[in-house]
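Let's take a walk through this one together. Have the viewer open and follow along as we go.

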Amino acid sequence: MSSTAPVLEIKGLNVNYGLGEKAVRAVRDINLTLHRGEVLGLAGESGSGKSTLAYGVTRLLPPPGVITGGEVRYHPREGASIDILSLESEQLRAFRWSEISLVFQGAMNSLNPVHTVRSQLTDVIRAHRPEMSKSQRVERAASLLSLVGISADRLSSFPHQLSGGMRQRVMIAMALALDPEIVILDEPTTALDVVMQRQILKQLTRLRNELDFSVVFITHDISLLIEFSDRIAIMYGGRIVEEAKAKEIYHTAHHPYSHGLLHSFPALHGPRRELTGIPGSPPDLTAMPSGCAFHPRCPKVFEACDQKVPVLGPIRGDAGRTVACWLHAEH
Ligand SMILES: Nc1ncnc2c1ncn2[C@@H]1O[C@H](COP(=O)(O)OP(=O)(O)OP(=O)(O)O)[C@@H](O)[C@H]1O
Ligand SMILES: [Mg+2]
């Protein structure tokens, strides 16, 4: 269920690793809007810049990552919009977790092994809600656990006493602790089996409906992405190459890369598809091909493709869809 009001607008975002000539341009000219209540899926092969985009947006980029340009505008429910990139570190601390939270790739292993689930959840709450009493914090921690389908008696467990799926759900509970407007999940379930993955995502989408937050969901698993996202953006070599409603892109992928990606995985439901995959390997970001970065691997390559980078724009004959591909350019 998505309304049309934007909650996050990413405009012209660029992120590099390193400085000067040797800099790796990991995220390039990204324009992307997340709407209130929406689940936005982000897909792309390993190294396409998905995590870098998530870290850039939340200002959690590890060094030598630097944001070299762009704007990330957050629209609160009330009041003026905020450019996240211009927040001072103090403002940023208050902003993170309470407005926007991020579940890191591999986060289930980042729980502190020597602290109970209770103390890890209540620590987050205490840091941001100092006015709450200890018993209120514990009560909140228990209700967060039950939100993600874990019984409250697990509060006194240590991480090693929990299954992988439970640890992952504790991380999601932590991300929800302060009722954020936006939750970014970076490969939240890859280490888990398929049944557990779907169970967690079902819970999350149910919560999204109840609590009305927005989700950015990053995964390699295209079938999960299609099942749980409202809209999908496909990344290649640091750029978004196509963006569409999940159902639309599943039905018709306009970019040959999206098409390849969607045919690299067996669908969970629906008719069987032939798995064609994508020949070749992702581009070297330090030596990008000229023009469209995908052209050396593209089955539909033609003269225009190595000349100029195609920008994400409207598609001839398919109103409302956008793609960055010379096959579909307006001219
Ligand atoms: N600290 C770093 N220094 C230099 N380059 C980096 C660093 N971290 C990431 N990169 C490069 O940036 C690019 C994007 O990486 P990123 O982790 O964002 O990709 P990803 O799409 O999240 O991949 P995956 O699906 O494997 O998680 C990669 O080519 C990677 O090699
Ligand atoms: Mg990643």
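**Starting at the ligand**

Helix H1, which covers residues 50-57, is the biggest contributor to the shell around ligand 1, supplying three residues. Keep in mind as you look around that this is a predicted model. In total, 14 residues surround ligand 1, and the closest are Ser-46, Gly-47, Lys-50, Thr-52 and Gln-105. What does that shell look like by class? It has eight polar residues, four nonpolar ones and two charged ones.

Now zoom in on the oxygen atoms of the ligand. Ser-46 brings a polar side-chain atom to 2.5 Å from an oxygen atom of ligand 1. Gly-47 uses its backbone instead: one of its N or O atoms lies 2.8 Å from an oxygen atom of ligand 1. Gly-49 also takes part through a backbone N or O atom, this time 3.0 Å from an oxygen atom of the ligand. As for how much of the ligand gets hidden, the protein covers 67% of the 640 Å² of accessible area that ligand 1 has on its own.

Next, follow the chain out of H1 into the loop that leads to strand E4 (65-74), where you'll find Pro-64. Is the peptide bond from Pro-63 to Pro-64 cis or trans? That bond is cis, with omega near 10°. Arg-59 sits in the loop between H1 and E4 too, and its backbone is worth a look: phi is near 60°, a positive value in a residue other than glycine.

From here, let's move on to the helix packing. Two packed helices are described by the angle between their axes and the distance between the axes. Take helix H3 (residues 117-128) and H5 to begin with: they pack at an angle of about 20°, and their axes are 9 Å apart. Angles under 35 degrees count as roughly parallel, so H3 is roughly parallel to H5. The crossing in which H3 passes H5 is right-handed.

H5 (residues 164-176) has another partner in helix H6 (residues 194-211); the axes of these two come within 11 Å and cross at roughly 20°. That angle makes H5 roughly parallel to H6. What is the handedness of the crossing in which H5 passes H6? It is right-handed. So if you center the view on H5, you can look out to H3, with which H5 packs, and then to H6, whose axis crosses that of H5.

Definitions and conventions. Residues numbered from 1 in each chain as written. Chains lettered and ligands numbered in written order. Predicted model: local features only at pLDDT ≥ 70, side-chain atom pairs only at ≥ 80, totals over all residues. Heavy atoms only, no water. Near = heavy atom within 4 Å. Polar contact = N/O pair within 3.5 Å; in protein donor to acceptor, adjacent residues only side chain to side chain. Areas by Shrake-Rupley, 256 points an atom, 1.4 Å probe, with all protein chains shown as cover. Helix = DSSP H or I, 4+ residues; strand = E, 2+ residues; numbered from the N terminus. Nonpolar A, V, L, I, M, F, W, Y, C, P; charged D, E, K, R; others polar. Axes fitted to C-alpha atoms, helices over the stretch in contact; angles between N-to-C directions. Parallel < 35°, antiparallel > 145°, perpendicular 65-115°, else oblique. Left-handed = near helix turned anticlockwise from the far one by under 90°.
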